[in-house]
Amino acid sequence: MTAASGELAARMVDLLASSATRSAFAQSVVTVPLADWVTAARLARDELGCTLFDWLGAEDAGRPGSVGERHSVLLHVVDPSTRDALLLRTEVGVGEELPSVASVWAGASWHEREAAEMFGLALAGAPPAHLLLSETFSGHPLRKDFVLASRVVRPWPGALEPGESTAAPSRRRLAPPGVPDPSWGPRREEDPS
């Protein structure tokens, strides 16, 4: 973590008393309550000079036994004059709505729609139109509790899951790169003698 990035995080904590800060992978992370999400984004832009919106994403909070119940939402902003960055983080639970920061950064709208579609997050306001998946698609493919259809139809070639048979499918032997398949090209006839 750079000293300037740490200073940004400390200033955010001073401006927003309900937040907490930590550092991970040379990045300052400020955790804010869901109710202060838009306020924190506005403070980062107006008070800290982080006018560059870089990325907004979601991930499963991943606590054992509670998969799909809570999601972390991350917002990465940068001060373009110093290139110091700050990562804002909040958690959204089942039945809670994520307030939109699209009024602060218009580009965040696309990222929020993606998070809503792929993770099943509820956005404040009207439900967004589908962005990546068809209207008939059911489920949220980036959640850990989503069952992959291809896994159901075709068995995984690696280690078996509990409850699957012990007979693993055999693998086809591969030829070295550049060697054509045996069915390709003319063949030498065998001498019958």
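Which residues of helix 3 are buried? In this predicted model, the answer is A108, H111, E112, A115, A116, E117, M118 and F119. Strand 5 goes further, with 10 of its 10 residues buried, so the rest of the structure largely encloses it. Below is a quick tour of that strand, the nonpolar core, the salt bridges, and a couple of residues worth a look on the way.

**Strand 5 and its partners**

- Both faces of strand 5 are covered. On one side sit D84, L86, L88, T90 and V92, and on the other A85, L87, R89, E91 and G93, all of them buried.
- That split fits a general pattern: in a regular strand, side chains alternate between the two faces of the sheet.
- Strand 4 and strand 5 run antiparallel and are joined by 10 bridges. Within strand 5, L88 is the residue that stands opposite L75.
- Strand 2 (residues 27–31) also pairs with strand 5, this time in the parallel sense and over 3 bridges. Here V29 has L87 as its bridge partner.

**The hairpin residue R83**

- Strand 4 and strand 5 form a hairpin with 4 residues between the strands, and R83 is found in that loop.
- R83 is not a glycine, yet its phi is positive, at about 65 degrees.
- R83 counts as exposed because its relative accessibility is 73%, and the cut-off for exposed is over 50%.

**The nonpolar core**

- The largest nonpolar core has 36 residues. Those with the most contacts inside this core are M12, W37, L75, L86, L88 and W105.
- The elements giving two or more residues to this core are helix 1 (3–15), helix 2 (37–46), strand 3 (52–60), strand 4, strand 5 and helix 3 (108–119).
- Helix 2 supplies the largest share, 6 residues.
- As background, nonpolar side chains tend to be buried together in soluble globular proteins.
- For a view from one residue, try L88: leaving aside residues up to four places away in sequence, L88 touches M12, V30, W37, A40, A41, A44, V73, L74 and L75.

**Salt bridges**

- How many salt bridges does the structure hold? There are 3.
- E91 takes part in a salt bridge with R70, where the closest N and O atoms are 2.8 Å apart. Since E91 lies in strand 5 (residues 84–93) and R70 in strand 4 (residues 70–79), this pair ties together parts that are 21 residues apart in sequence.
- E91 also forms a salt bridge with R89, with 2.9 Å between the closest N and O atoms. Put together, R70, R89 and E91 are linked in a network of salt bridges.
- Is E91 buried or exposed? E91 counts as buried, at 14% relative accessibility. R89 is buried too, with a relative accessible area of 15%, while R70 is partly exposed at 31%.
- The other salt bridge to look at joins D46 and R45, whose closest N and O atoms are 2.7 Å apart. D46 is partly exposed, with a relative accessible area of 45%, and so is R45, with 25%.
- The general idea behind such pairs is simple: side chains of opposite charge can pair when their charged atoms come close.

**Helix 3 and what follows**

- Helix 3 has 12 residues, which should span 16 Å at 1.5 Å a residue; the end C-alpha atoms are 16 Å apart, so expectation and model agree.
- What do the buried residues of helix 3 pack against? They pack against strand 3, strand 4 and strand 7 (122–123).
- Right after helix 3 comes G120, with a positive phi near 80 degrees.

**H130**

- H130 is in the loop between strand 7 and helix 4 (149–153), and is partly exposed, with a relative accessible area of 34%.
- The C-alpha atoms of H130 and A116 are separated by 9.2 Å, and the two residues are 14 residues apart along the chain.
- Leaving out residues up to four places away in sequence, H130 touches R113, E117 and E135. Of these, E117 is one of the buried residues of helix 3.

Definitions and conventions:
Residues are numbered from 1 along each chain as its sequence is written. This is a predicted model: local features need pLDDT of at least 70, side-chain atom pairs count only at pLDDT 80 or more; totals for chains, interfaces and linings use all residues. Side-chain values use heavy atoms; hydrogens and water are left out. A salt bridge is a side-chain nitrogen of Lys or Arg within 4 Å of a carboxyl oxygen of Asp or Glu. Buried means under 20% relative accessible area, exposed over 50%, partly exposed in between (1.4 Å probe, protein chains only). A nonpolar core is a set of buried Ala, Val, Leu, Ile, Met, Phe, Trp, Tyr and Cys residues joined through side-chain atoms within 4.5 Å. Contact means heavy atoms within 4.5 Å. The expected span of a helix is 1.5 Å times one less than its number of residues. Two strands pair if DSSP finds at least two bridges between them.
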